[in-house]
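Here's a quick tour of one model, starting with the ligand and moving on to a couple of residues worth a click. Have your viewer open as you read.

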Amino acid sequence: MENSQTNSPTTAIMELANMISVPMALNAVVRLNVADAIWQGGSNNPLSAAEILSAAAVGPGGDAENLQRILRLLTSFGVFEEHLNADATKRRYSLTEVGKTLATDENGLSYGAYVLQHHQDALMRAWTLVHEAVLDPSSEPFVKANGEGAYSYYGKKPEMNELMLKAMSGVSVPFMKAFLNSYDGFQGVGTLVDVGGSAGDCLRMIMSKNPSIKKGVNFDLPEVVEKAPKIPGVEHVGGDLLKTIPSAVDIFMKWILTTWTDDECKHILKNCHDALPPGGKVVACEPVLPNHTDNSHRSRALLEGDIFVMTIYRSKGKHRTEMEYRELGIAAGFRYFKAKILLDQFYTVLEFQK
Ligand SMILES: C[S@@+](CC[C@H](N)C(=O)[O-])C[C@H]1O[C@@H](n2cnc3c(N)ncnc32)[C@H](O)[C@@H]1O
């Protein structure tokens, strides 16, 4: 009798050893537009692999059997729901709530670009070198594999730069909606700088919720702001956050401090401190590690992201705990620190006030 429910140490290690199939299968379904093929404007009707292939318009010769193998695996990881006929000979698939995050929304966004961004060749080359971050942290695995740091590498490759912008928008827009529903700390603020603001989505959303902000500055690397779309009331400014940050009443940053070392974070926060008036604050939304290690999706996503940072961005950049952020803020001269954990979100809201 089939007894696939049994778990044992040997099946657990086999699962872990084969785990690479999971992100690679996820990458494949994004490349093949599977989520949009099933979603079709919200119908989410269960489809067979052959029907998905024809709806995804991948061209002639698609192999439905191989696609079904991929869909079965990702069903086990909660991306698809499998619908079996009575004698278990035919399988059809719809999207779960997780799978729906891969379907393109009315703004042309989804989490799919983030999946693709993470699995580009240059990043994949770095992943086989994770152990090097232990043996020799003086340069990150990405640098060892590609000869230069990730941001300067992306900067020379327009397609990587554009994918990065799209990936950031796909993840940031849904988070910002949730964040702005409960955060009122920008009321009455007149000027706001978004440090490392990428395409400017976060700033656009903050400003539309807080009409007192008459001037928004989207500050990022010159090659990034060059590609950013025009947004009313927003000035795109190119520069380097390690050098100087434009002045503002308040500063917003999201997913920035994580990619820098402790000394660099102190330096960035000090640059923010210099750019703010007394009472001004930095509102930073960062992935913050829980003190205890557990197997929730949230904790795992945060722990995985920490290894991603170590491998791709800075071997001594990292996801930090709330206490570590408090200490960095105090070292940079801030007097007050507050953290608000949003339990269903990847990011924690950190406030550093001058
Ligand atoms: C992880 S992304 C976050 C983007 C955006 N804040 C968001 O959450 O969607 C980090 C951003 O920092 C920018 N960045 C990296 N190095 C920088 C530097 N030296 N000066 C200014 N921005 C930088 C990158 O171009 C990128 O847009």
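## Around the ligand

In this predicted model, the side chain of Lys254 puts an N or O atom 2.7 Å from an oxygen atom of the ligand. Asp220 does something along those lines, with a side-chain N or O atom 2.6 Å from a ligand oxygen. Then there's Ser172, where a polar side-chain atom sits 2.5 Å from an oxygen of the ligand. On its own the ligand has 590 Å² of accessible area, and the protein covers 95% of that.

Who else is in the shell? There are 16 residues around the ligand, and the ones that come nearest are Ser172, Gly196, Asp220, Asp240 and Lys254. By type, the shell splits into nine nonpolar, four polar and three charged residues. Helix 12, spanning residues 158-182, chips in three residues, the most of any contributor.

## Asp250, tucked into strand 6

Now hop to Asp250, which belongs to strand 6 (residues 250-254). Is Asp250 buried or exposed? Its relative accessibility is just 3%, so Asp250 counts as buried; the cut-off for that label is under 20%.

Which side chain does Asp250 pair with in a polar contact? That would be Lys281, at 2.6 Å. Lys281 also turns up among the residues that Asp250 touches beyond four places in sequence, along with Gly280 and Leu276. That list also takes in Gly185, Phe186, Val189, Thr191, Leu192 and Val193.

## His236 on strand 5

His236 lies in strand 5, residues 234-238. With 22% relative accessibility, His236 counts as partly exposed, because that class covers what falls between the 20% and 50% cut-offs.

The side chain of His236 has a couple of polar partners to look at. One is the side chain of Asn218, in a polar contact of 3.0 Å. Another is the backbone oxygen of Pro229, 2.7 Å from a polar atom of the His236 side chain. Asn218 and Pro229 both appear in the contact list of His236 once neighbours within four places are set aside, and so do Ala199, Val225, Ala228, Lys230 and Ile231.

For a sense of scale, try His236 and Thr293: they're 57 residues apart along the chain, and 40 Å separates their C-alpha atoms.

## The annotated domain

UniProt, in an unreviewed entry, places "domain: O-methyltransferase C-terminal" at residues 127-335. That span is 47% helix and 13% strand, and its end C-alpha atoms are 40 Å apart.

Conventions: Residues numbered from 1 in each chain as written. Predicted model: local features only at pLDDT ≥ 70, side-chain atom pairs only at ≥ 80, totals over all residues. Heavy atoms only, no water. UniProt positions renumbered as here; feature names shortened; annotations may be inferred. Helix = DSSP H or I, 4+ residues; strand = E, 2+ residues; numbered from the N terminus. Buried < 20%, exposed > 50% of the residue type's maximum accessible area, 1.4 Å probe, protein only. Polar contact = N/O pair within 3.5 Å; in protein donor to acceptor, adjacent residues only side chain to side chain. Contact = heavy atoms within 4.5 Å. Near = heavy atom within 4 Å. Areas by Shrake-Rupley, 256 points an atom, 1.4 Å probe, with all protein chains shown as cover. Nonpolar A, V, L, I, M, F, W, Y, C, P; charged D, E, K, R; others polar.
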